[in-house]
Amino acid sequence: MATVNARRRLRERPIGFTLLLTVVGYTLVIGTFVLDIPLYPELTNEQVNILTHAIAVINAVTTVLLLAGWYWIRNGETGKHRAAMLSGFATILLFLVVYLIRVGGGGTKEFVGGALVRNAYLLMLAIHIILSIVAVPVVLYALILGLTHTPAELRETAHARVGRIAAGSWILSLVLGIVTYLMLNHIYDYEFAMVVGLP
């Protein structure tokens with residue numbers, strides 16, 4: 001009964017729930033970067049590196065899932081599409097947990113390289129971050145619509161249009177994240193830096 005009521009409320013107010021979940025997500029990330037809350041375990045540089053590699057793997061898996069979901073919906077396989085997109089959302093939640101632990105407990109890495117390469121890296125990183133921020137509410141809205149409507153009902157909603165924007169921005173953000181990860185961790189060099197507000 002409670003599940004039915006929750007689903008009905010989500011269905012009736014998808015924008016409201018999208019905004020609420022977006023604010024919660026943004027608050028977690030911004031709070032981790034700005035506030036000195038002893039919520040995260042203190043990590044060594046080696047542990048930060050392990051989590052950094054784990055994040056890259058999670059992002060690669062998420063990218064594959066999203067591309068598969070996009071392929072399947074274009075071929076009318078809604079069940080596979082739904083499974084892929086829900087799996088992609090689950091892996092991105094895993095990413096968020098690992099990312100917050102890494103940043104909150106160990107700081108970040110700063111790119112070390114020549115000026116031209118550094119500028120290219122920073123540009124890709126900026127686009128990655130902006131797309132990540134912009135994608136959150138769009139992804140959540142598409143997800144809520146998908147969870148609360150049947151495939152037939154979804155044709156009467158903005159799910160397909162919003163989903164294309166969500167998937168496109170999300171995939172591009174993930175790919176740029178993987179490229180910047182490779183540049184920072186395998187092609188060039190980095191220095192560890194603490195997050196503002198952390199000791």
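This report walks through the fold, the core and a few individual residues of a predicted model.

## Overall fold

Let's start with the broad layout. The chain is built from seven helices and two strands. Following the sequence from its start, you meet these elements in the order α-α-α-α-β-α-α-α-β.

As for overall dimensions, the C-alpha trace spans about 50 × 35 × 25 Å along its principal axes. The radius of gyration is 18 Å, which agrees with the value near 16 Å for a compact globule of 199 residues. Among contacts with a separation of 6 or more, 84% join residues that are 24 or more positions apart.

## Surface and charge

Of the 199 residues in the chain, 38% are buried. The chain exposes about 11500 Å², and 70% of that area is supplied by carbon and sulfur atoms.

Turning to charge, there are 14 positive and 10 negative side chains. The centres of these two sets lie 16 Å apart.

## The nonpolar core

In soluble globular proteins, nonpolar side chains tend to be buried together. In this model, the largest nonpolar core has 30 residues, and Phe89 and Trp170 are the ones with the most contacts inside it. Four helices each give two or more residues to this core: α3 (45–74), α4 (78–106), α5 (115–148) and α7 (159–187).

Phe89 is a good place to begin if you have the structure open. Setting aside residues up to four places away in sequence, Phe89 touches Val139, Leu140, Leu143 and Trp170. The two residues with the most contacts inside the core, Phe89 and Trp170, therefore touch one another, because Trp170 appears among the contacts of Phe89.

## Ser173 in helix α7

Helix α7 also holds Ser173. With a relative accessible area of 3%, Ser173 is buried, because the cut-off for that class is under 20%. Beyond its neighbours within four places in sequence, Ser173 is in contact with His128, Leu131 and Ser132.

## Pro14 and Phe17 in helix α2

Pro14 sits in helix α2, which covers residues 14–34, and Phe17 is found in helix α2 as well. Pro14 counts as buried, with a relative accessibility of 12%, whereas Phe17 is partly exposed at 27%.

What do these two residues touch, leaving out neighbours within four places in sequence? For Pro14, the partners are Tyr141, Ile144 and Leu145. For Phe17, they are Arg9, Leu10 and Ile144. Ile144 is thus a partner of both residues.

Two separations help to place these residues in space. The C-alpha atoms of Pro14 and Gly69 are separated by 22 Å, with their positions 55 residues apart along the chain. For Phe17 and Thr44, which are 27 residues apart in sequence, the C-alpha atoms are separated by 37 Å.

## Glu191 in strand β2

Near the end of this tour comes Glu191, in strand β2 (residues 189–193). Glu191 is partly exposed, with a relative accessible area of 49%.

Which residues does Glu191 touch, not counting those up to four places away in sequence? The answer is Thr108, Lys109, Glu110 and Val112. Thr108 is 83 residues away from Glu191 along the chain, and the C-alpha atoms of the two are separated by 8.5 Å.

Definitions and conventions: Residues numbered from 1 in each chain as written. Predicted model: local features only at pLDDT ≥ 70, side-chain atom pairs only at ≥ 80, totals over all residues. Heavy atoms only, no water. Rg over C-alpha atoms; globule rule 2.2 N^0.38 Å. Buried < 20%, exposed > 50% of the residue type's maximum accessible area, 1.4 Å probe, protein only. Contact = heavy atoms within 4.5 Å. Areas by Shrake-Rupley, 256 points an atom, 1.4 Å probe, with all protein chains shown as cover. Lys, Arg positive; Asp, Glu negative; His and termini not counted. Charge placed at Lys NZ, Arg CZ, Asp CG, Glu CD. Core = buried A, V, L, I, M, F, W, Y, C linked by side-chain atoms within 4.5 Å.
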